[in-house]
Amino acid sequence: MYEIYEETEDYDIGNVVIKIGISKGTNIEQEVYFEDLQRQILEQLQLAEYTIWIAVAWFTDAVLFRELLKRRREGLNIQIIIIHR
């Protein structure tokens, strides 16, 4: 295993060690969606328990925005990064 970064006082995240590697026998699956994206995203927002982090070039979907506001009122930590020009 390899450490991703060399820990220094300038960049210290405490006792957390991040390492690259996959355990033997571990299968990783990733679903890719091309249709019905709003519903897929909405389902994932509704499944979140503590935190929702979003990074997008733009955000224009009112339905998803209302769901994020609802989840924020429920106490979830919502972070959105949007490119601003």
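**Stop 1: D36**

Start by selecting D36, which sits in the segment before α1. You are looking at a predicted model, so keep a confidence colouring handy as you go. D36 is not a glycine, yet its phi is positive, at about 55°. As background, most residues other than glycine have a negative phi. How exposed is D36? It counts as partly exposed, with a relative accessible area of 44%.

Now show the side chain of D36 together with that of R39. The two meet in a salt bridge, with 2.3 Å from N to O.

**Stop 2: along helix α1**

Keep R39 on screen and add E43. Both residues belong to helix α1, which covers residues 37-47. They are four residues apart, about one turn of the helix. Which residue does E43 pair with in a salt bridge? The partner is R39, and the closest N and O atoms are 2.4 Å apart. R39 therefore has a salt bridge to D36 as well as one to E43. Both ends of the E43 pair are partly exposed: R39 has a relative accessibility of 38%, and E43 one of 33%.

**Stop 3: the whole chain**

Zoom out and switch to a cartoon view. The protein has two helices and two strands, and from the N terminus on they run α-β-α-β. Colour by pLDDT next. The mean for the protein is 79, and 65% of its residues reach 70 or more. Where is confidence highest and where is it lowest? Helix α2 has the highest value, at 96, and strand β1 (residues 51-56) has the lowest, at a mean of 91.

Turn on the surface for a moment. The accessible surface comes to about 8100 Å², and carbon and sulfur atoms account for 53% of it. Of the 85 residues, 14% count as buried. As for contacts between residues at least 6 apart in sequence, 43% join residues at least 24 apart.

**Stop 4: salt bridges on helix α2**

Hide the surface and select helix α2, residues 62-73. Show the side chains of E67 and K70, which meet in a salt bridge with 4.0 Å from N to O. These two residues are three apart in the helix, so about one helical turn separates them.

Is E67 buried or exposed? E67 is buried, with a relative accessible area of 9%, whereas K70 is partly exposed at 38%.

Add R71 and E74 to the selection. Together with E67 and K70, they are linked in a network of salt bridges. If you would like to find every such pair, a search of the whole structure gives five salt bridges.

**Stop 5: R71**

Stay with R71, which lies in helix α2. R71 is an arginine worth a pause, as its relative accessible area is 8% and it counts as buried. What surrounds R71 once its neighbours within four places in sequence are left aside? Its contacts are L45, Q46, L47, A48, I52, L76 and I78. Select these residues as sticks and keep them for the next stop.

**Stop 6: the nonpolar core**

Now select L45, A48, I52, I54, L64, L68, L76 and I78. These eight residues make up the largest nonpolar core. Strand β1 and helix α2 each supply at least two residues of this core. The general background is that nonpolar side chains tend to be buried together in soluble globular proteins.

Several names here will be familiar from the previous stop: L45, A48, I52, L76 and I78 are among the contacts of R71.

Focus on I54, another member of the core. Leaving aside neighbours within four places in sequence, I54 is in contact with F59, L68, Q79, I80 and I81.

**Stop 7: I80 on strand β2**

Finish by following I54 across to I80, one of its contacts. I80 is found in strand β2, residues 77-82. How accessible is I80? At 35% relative accessibility, I80 counts as partly exposed.

Setting aside neighbours within four places in sequence, I80 is in contact with I54 and L68, and both of those residues are part of the nonpolar core. For a last distance to draw in the viewer, pick the C-alpha atoms of I80 and V56: they are separated by 7.8 Å, while the residues are 24 apart along the chain.

How values were computed. Residues numbered from 1 in each chain as written. Predicted model: local features only at pLDDT ≥ 70, side-chain atom pairs only at ≥ 80, totals over all residues. Heavy atoms only, no water. Buried < 20%, exposed > 50% of the residue type's maximum accessible area, 1.4 Å probe, protein only. pLDDT = per-residue confidence, 0-100. Contact = heavy atoms within 4.5 Å. Areas by Shrake-Rupley, 256 points an atom, 1.4 Å probe, with all protein chains shown as cover. Core = buried A, V, L, I, M, F, W, Y, C linked by side-chain atoms within 4.5 Å.
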